[in-house]
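Here is a friendly walk through one protein model for someone meeting it for the first time. Have the sequence and the 3D view open as you read.

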Amino acid sequence: MKIVLDRSPQLFSHNAYSSLPDWYIHFNITATLVELDKDNQIVSGLAKKWMVENEGKRYVFDLDTTRKWSDGKLITPNDIIQSLFYRS
């Protein structure tokens, strides 16, 4: 994939974007628990399945245990938890 932007990103953070290029790059290089398909339906991302409980107040995700980081290490539940805390 080749992305052409009108300028370099100003900030690279998971929880803040200072411009559209910052957001666009982040959006294209990160994985999420679930994603939207072309029809805006929720489909698997890092989670192979999920449950919504307690009238939408609790979400339980079952991770796809075959997914790996770019260095080949498996993604763990703790990795997901850490990324959620980093984003908040």
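How many helices and how many strands does the chain have? The answer is two helices and four strands, where helices (H or I, at least four residues) and strands (E, at least two) are DSSP runs numbered from the N terminus. Follow the sequence and you meet them in the pattern α-β-β-β-β-α.

Before going further, a word on the ground rules. This is a predicted model, in which local features need pLDDT of at least 70 and side-chain atom pairs count only at pLDDT 80 or more, while totals for chains, interfaces and linings use all residues. Residues are numbered from 1 along each chain as its sequence is written, and side-chain values use heavy atoms, with hydrogens and water left out.

**The chain as a whole**

Of the 88 residues in the chain, 15% are buried. Here buried means under 20% relative accessible area, exposed means over 50%, and partly exposed is in between (1.4 Å probe, protein chains only). As for contacts (heavy atoms within 4.5 Å), take those in the chain with a separation of 6 or more: 18% of them come from residues 24 or more positions apart.

**The E3–E4 hairpin**

Now zoom in on strand E3, residues 47-53, which runs antiparallel to E4 and is joined to E4 by six bridges. Two strands pair if DSSP finds at least two bridges between them. E3 and E4 make a hairpin, with four residues between them.

Met-51 is a handy place to stop. Met-51 sits in strand E3, and its bridge partner in E4 is Val-60. Setting aside neighbours within four places in sequence, Met-51 touches Arg-58, Tyr-59 and Val-60. Met-51 and Phe-61 are 10 residues apart along the chain, with 6.6 Å between their C-alpha atoms. Met-51 counts as partly exposed because its relative accessibility is 45%.

What about the turn? Asn-54 lies in the loop between E3 and E4, and its phi is near 50°, a positive value in a residue other than glycine. Glu-55 is found in that loop between E3 and E4 too, with a positive phi near 55°. For background, most residues other than glycine have a negative phi. Asn-54 is exposed because its relative accessible area is 52%, and Glu-55 is exposed because its relative accessibility is 80%.

**An aromatic pair**

How many aromatic pairs does a search of the whole structure find? It finds one, and the partners are Tyr-59 and Phe-61, which are stacked at 6.5 Å centre to centre with 15° between the planes. The rule is that rings of Phe, Tyr and Trp (its six-membered ring) pair if their centres lie within 6.5 Å; planes under 30 degrees apart count as stacked, over 60 as edge-to-face and the rest as tilted. Tyr-59 is partly exposed because its relative accessibility is 48%, and Phe-61 is partly exposed because its relative accessible area is 34%.

**Salt bridges**

Side chains of opposite charge can pair when their charged atoms come close. A salt bridge is a side-chain nitrogen of Lys or Arg within 4 Å of a carboxyl oxygen of Asp or Glu, and by this rule the count comes to two. Here they are:

| Residues | N to O distance | Citation |
|---|---|---|
| Asp-39 and Lys-38 | 3.6 Å | salt bridge |
| Glu-53 and Arg-58 | 3.1 Å | salt bridge |

Asp-39 and Lys-38 are both exposed. In the other bridge, Glu-53 is partly exposed because its relative accessible area is 28%, and Arg-58 is partly exposed because its relative accessibility is 47%.

**Asp-64, without a salt bridge**

Which side chain of opposite charge is nearest to Asp-64? That would be Arg-67, 4.7 Å away, and Asp-64 is buried yet has no salt bridge. (Lys and Arg count as positive and Asp and Glu as negative; His and the chain ends are not counted.) Asp-64 does have a polar contact of 2.6 Å, between its side chain and that of Thr-66. A polar contact is a pair of N or O atoms within 3.5 Å; within protein, one must be able to donate a hydrogen and the other to accept it, and residues adjacent in sequence count only if both atoms are side-chain atoms.

Where is Asp-64 found? Look in the loop between strand E4 (58-63) and helix H2 (77-87). Not counting residues up to four places away in sequence, Asp-64 touches Leu-46, Ala-47 and Lys-48. The C-alpha atoms of Asp-64 and Gly-45 are separated by 8.2 Å, with the two residues 19 apart along the chain.
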